[in-house]
Amino acid sequence: MGRLFLMHLDGNVYSCKHCKTHLGLAGDIISKAFHSKHGKAYLFHKVVNVTPGVKEDRMMMTGMHTVCDIFCVGCGAIVGWKYEAAHEKSQRYKEGKYILESRFKVSGPDGSQYWIAHDPHLVGSDADDV
């Protein structure tokens, strides 16, 4: 196996909770109004230090999407998924975007679970196997 090169991010960084590998910047968050089966999730424009899994169709709250799980390159943990395609026209804005999910998988810029504070005004969400 070759040498592992990781991108180091500066600023407000979201990282893998298991190994602290940097995954994304707060400035790349598009929406905080998403949900996964493990809790709240954030939609990111771009992420780093992940590798994609196999593409598959999943029925989510907002309809059928083609997605692939994304894995932390530091430890191999699933940290979210990437939207490859949306089957409904109104959902196409998600294509090519990433979800970082669950307080069990990702830590926020201050090292905490980044969605402890509950916002009652969150709308629109996606989750696996609704």
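**Figure 1. Secondary structure of the predicted model.** The chain of this predicted model contains nine strands and zero helices. Followed along the sequence, its elements give the pattern β-β-β-β-β-β-β-β-β.

**Figure 2. The open sheet of six strands.** Six of the strands form an open sheet, arranged in the order β3-β4-β8-β7-β6-β5. Pairing within this sheet is antiparallel. Its edges are formed by β3, covering residues 29-36, and by β5, covering residues 50-60. Each of these edge strands has a pairing partner on one side only. On average, neighbouring strands of the sheet are turned by 30 degrees against each other when direction is ignored.

**Figure 3. Close-up of the edge strand β5 and its partner β6.** Strand β6 spans residues 63-72 and pairs with β5. Nine bridges join the two strands, and the pairing is in the antiparallel sense. Within this pair, proline 52 stands opposite isoleucine 70 of β6. The view thus shows the β5 end of the strand order, where β6 is followed by β5.

**Figure 4. Burial and surface of the chain.** The chain has 130 residues, of which 43% count as buried. Its accessible surface comes to about 7200 Å². Carbon and sulfur atoms contribute 54% of that surface.

**Figure 5. Contacts between residues distant in sequence.** Considered here are the contacts in the chain with a separation of 6 or more. Residues 24 or more positions apart account for 50% of these contacts.

Definitions and conventions:
Residues numbered from 1 in each chain as written. Predicted model: local features only at pLDDT ≥ 70, side-chain atom pairs only at ≥ 80, totals over all residues. Heavy atoms only, no water. Pairing = 2+ DSSP bridges. Helix = DSSP H or I, 4+ residues; strand = E, 2+ residues; numbered from the N terminus. Axes fitted to C-alpha atoms, helices over the stretch in contact; angles between N-to-C directions. Buried < 20%, exposed > 50% of the residue type's maximum accessible area, 1.4 Å probe, protein only. Contact = heavy atoms within 4.5 Å. Areas by Shrake-Rupley, 256 points an atom, 1.4 Å probe, with all protein chains shown as cover.
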